[in-house]
Amino acid sequence: MLPVALVFAFIAAALHVYIFVLESITWTTPKTWRTFNVPSQEAANITRPLAYNQGFYNLFLALGAFLGVLLVGIGASAGSVIAGWALLFSSCGSMLLAAAVLAQTGGKSIRPTIVQGTTPFVAVAFGLLAVAG
């Protein structure tokens, strides 16, 4: 259970770094704003500050998950493992809850919800099994 939780938490974190790049760095490029169903360059320019902020939110979740994976994976002490699980569950749980919120925004959000929510769901589920076992 432990390796599965750590691998999926790592993948979830990597995905959120990619989302950070899209939202905070490449937001105003046509390919990116079309990916997010932004209707025009003007709309992308107007929403850039919001996307920039959201991108950093995703980056911080990713960093928490990466650090959690590292601390649990190394397992240097009981304290570091506990801190690692706390970071992993908090970061991946937040990713999963954000995906649940995204799901409520409508039909075009189903695919992004699945992409955003699957890996943290698996990480949390297998993490709970690993901790309980």
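1. A quick convention before the chemistry: contact here means heavy atoms within 4.5 Å. With that in hand, look at cysteine 92, which touches Ala9, Ala65, Pro120, Ala123 and Val124 once residues up to four places away in sequence are set aside. Please keep in mind as you read that this is a predicted model.

2. Now the overall picture. The chain has five helices and zero strands, so to speak an α-α-α-α-α pattern when read along the sequence. Its C-alpha atoms fill a box of roughly 50 × 25 × 15 Å along the principal axes. Of the 133 residues, 35% are buried. Taking contacts between residues at least 6 apart in sequence, 65% join residues at least 24 apart.

3. Which residues have the most contacts inside the largest nonpolar core? They are Ala9, Leu88, Cys92 and Met95, in a core of 16 residues. Helix H1 (2-25), helix H3 (41-74), helix H4 (78-103) and helix H5 (110-132) each give two or more residues to this core. Another core lies apart from it, with six residues, among them Trp27, Trp33, Val38 and Ala43.

4. Helix H1 deserves a look of its own. H1 has 24 residues and reaches 34 Å from its first C-alpha to its last, close to the 34 Å expected at 1.5 Å a residue. Its buried residues include Ala5, Leu6, Ala9, Ala12, Ala13 and His16, and further along the helix Ile19, Phe20, Leu22, Glu23 and Ser24 are buried too. If you like to check spacing, recall that an α-helix has 3.6 residues a turn, so residues three or four places apart point the same way. The cover over the buried residues of H1 includes helix H2 (30-35), H3, H4 and H5.

5. Leucine 6 is a handy residue to follow within helix H1. Is leucine 6 buried or exposed? Leucine 6 counts as buried because its relative accessibility is 13%, and the cut-off for buried is under 20%. Leaving aside neighbours within four places in sequence, leucine 6 is in contact with Val69, Val72, Gly73 and Leu88. The C-alpha atoms of leucine 6 and phenylalanine 66 are separated by 9.2 Å, although the two are 60 residues apart along the chain.

6. Helix H5 is where I would spend some time. H5 has 23 residues and reaches 31 Å from first C-alpha to last, close to the 33 Å expected at 1.5 Å a residue. Where does the kink in H5 lie? It is found at glycine 117, shortly before proline 120, and comes to about 35 degrees. Both glycine 117 and proline 120 belong to the buried residues of H5, which also include Thr113, Gln116, Thr119, Val122, Ala123, Val124 and Gly127. These buried residues pack against H1 and H4.

7. Threonine 119, found in helix H5, is a good partner to compare by eye with the H1 side. Threonine 119 is buried, with a relative accessible area of 12%. With neighbours within four places in sequence left out, threonine 119 is in contact with Phe8, Ile11 and Ala12.

8. On to the aromatic rings. A pair of aromatic rings is described by the distance of the centres and the angle of the planes. The count comes to six aromatic pairs. One of them joins tryptophan 27 and phenylalanine 36: this pair is tilted, at 5.1 Å centre to centre with 50 degrees between the planes. Tryptophan 27 is buried, with a relative accessible area of 8%, whereas phenylalanine 36 is partly exposed, at 31%. Elsewhere in the list, Phe20, Tyr52, Phe56 and Phe60 form one aromatic cluster.

9. There is also a charge over a ring to inspect. Arginine 34 lies over the face of tryptophan 33, at 5.0 Å from the ring centre. Tryptophan 33 is among the six residues of the second core mentioned above.

10. Last, a backbone detail. Most residues other than glycine have a negative phi. Asparagine 37 has a positive value, with phi near 60 degrees. Asparagine 37 has its place in the loop between H2 and H3. Asparagine 37 counts as exposed because its relative accessibility is 52%, and the cut-off for exposed is over 50%.

Methods
Residues are numbered from 1 along each chain as its sequence is written. This is a predicted model: local features need pLDDT of at least 70, side-chain atom pairs count only at pLDDT 80 or more; totals for chains, interfaces and linings use all residues. Side-chain values use heavy atoms; hydrogens and water are left out. Rings of Phe, Tyr and Trp (its six-membered ring) pair if their centres lie within 6.5 Å; planes under 30 degrees apart count as stacked, over 60 as edge-to-face and the rest as tilted. Buried means under 20% relative accessible area, exposed over 50%, partly exposed in between (1.4 Å probe, protein chains only). A charge sits over a ring if NZ of Lys or CZ of Arg is within 6 Å of the ring centre and within 35 degrees of the ring normal. A nonpolar core is a set of buried Ala, Val, Leu, Ile, Met, Phe, Trp, Tyr and Cys residues joined through side-chain atoms within 4.5 Å. Helices (H or I, at least four residues) and strands (E, at least two) are DSSP runs, numbered from the N terminus. The expected span of a helix is 1.5 Å times one less than its number of residues. The bend at a residue is the angle between axes fitted to the seven residues ending there and the seven starting there.
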